[in-house]
Amino acid sequence: MDNRCLFCRIASGDIPATIVAEGEHWIAFRDIEPQAPVHALIIPRRHIASLDALSLDERDLVGDLALAAAEIARLEGIEEGYRVVTNIGEQGGQSVSHLHFHVLGGRRMSWPPG
């Protein structure tokens, strides 16, 4: 855990968040600036800066995060259509340096996204 990291502090319970679901290695909570009617963030409980920082040893974690996105879509009633996004680095729009996946739904998604 990185005590300077906002998402690490949410994962540890130091900062409150509206929890949507959680698993052994991940936690999901509502985004405080939602971009869709349903907007949850899924993060690993341990600090990983971004998708780029993952090693081959962590491939199971990526599978857990993907399955978590599908679980959240079912829980939120958006399984008919939703988007899962991760931003990497400043140029990619990553604002918190902790791996996270956005689950967005509840409205029609347009393309290109940004």
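This is a short tutorial dialogue on reading one structure.

User: What kind of model is this, and how are residues numbered?

Analyst: Welcome! The model is predicted, so local features need pLDDT of at least 70 and side-chain atom pairs count only at pLDDT 80 or more, while totals for chains, interfaces and linings use all residues. Residues are numbered from 1 along each chain as its sequence is written, and side-chain values use heavy atoms, with hydrogens and water left out.

User: Where does D31 lie?

Analyst: Strands are DSSP runs of E, at least two residues, and helices are runs of H or I, at least four, numbered from the N terminus. D31 sits in the loop between strand 2 (26-30) and strand 3 (38-44).

User: How far is D31 from the nearest side chain of opposite charge?

Analyst: A salt bridge puts a side-chain nitrogen of Lys or Arg within 4 Å of a carboxyl oxygen of Asp or Glu. D31 has none, as R30, the nearest side chain of opposite charge, is 11 Å away. D31 is nevertheless buried (under 20% relative accessible area, 1.4 Å probe, protein chains only).

User: What does the side chain of D31 reach?

Analyst: The backbone nitrogen of E33, at 2.7 Å.

User: Which residues does D31 touch?

Analyst: Contact means heavy atoms within 4.5 Å. Leaving out residues up to four places away in sequence, D31 touches H39, A40, L41 and H102.

User: Which residues are joined by a cis peptide bond?

Analyst: In general, most peptide bonds are trans. Here a cis bond joins W111 and P112, with omega about 0°. P112 belongs to the segment after strand 5 (101-105).

Conventions
Buried means under 20% relative accessible area, exposed over 50%, partly exposed in between (1.4 Å probe, protein chains only). Lys and Arg count as positive and Asp and Glu as negative; His and the chain ends are not counted. A polar contact is a pair of N or O atoms within 3.5 Å; within protein, one must be able to donate a hydrogen and the other to accept it, and residues adjacent in sequence count only if both atoms are side-chain atoms.
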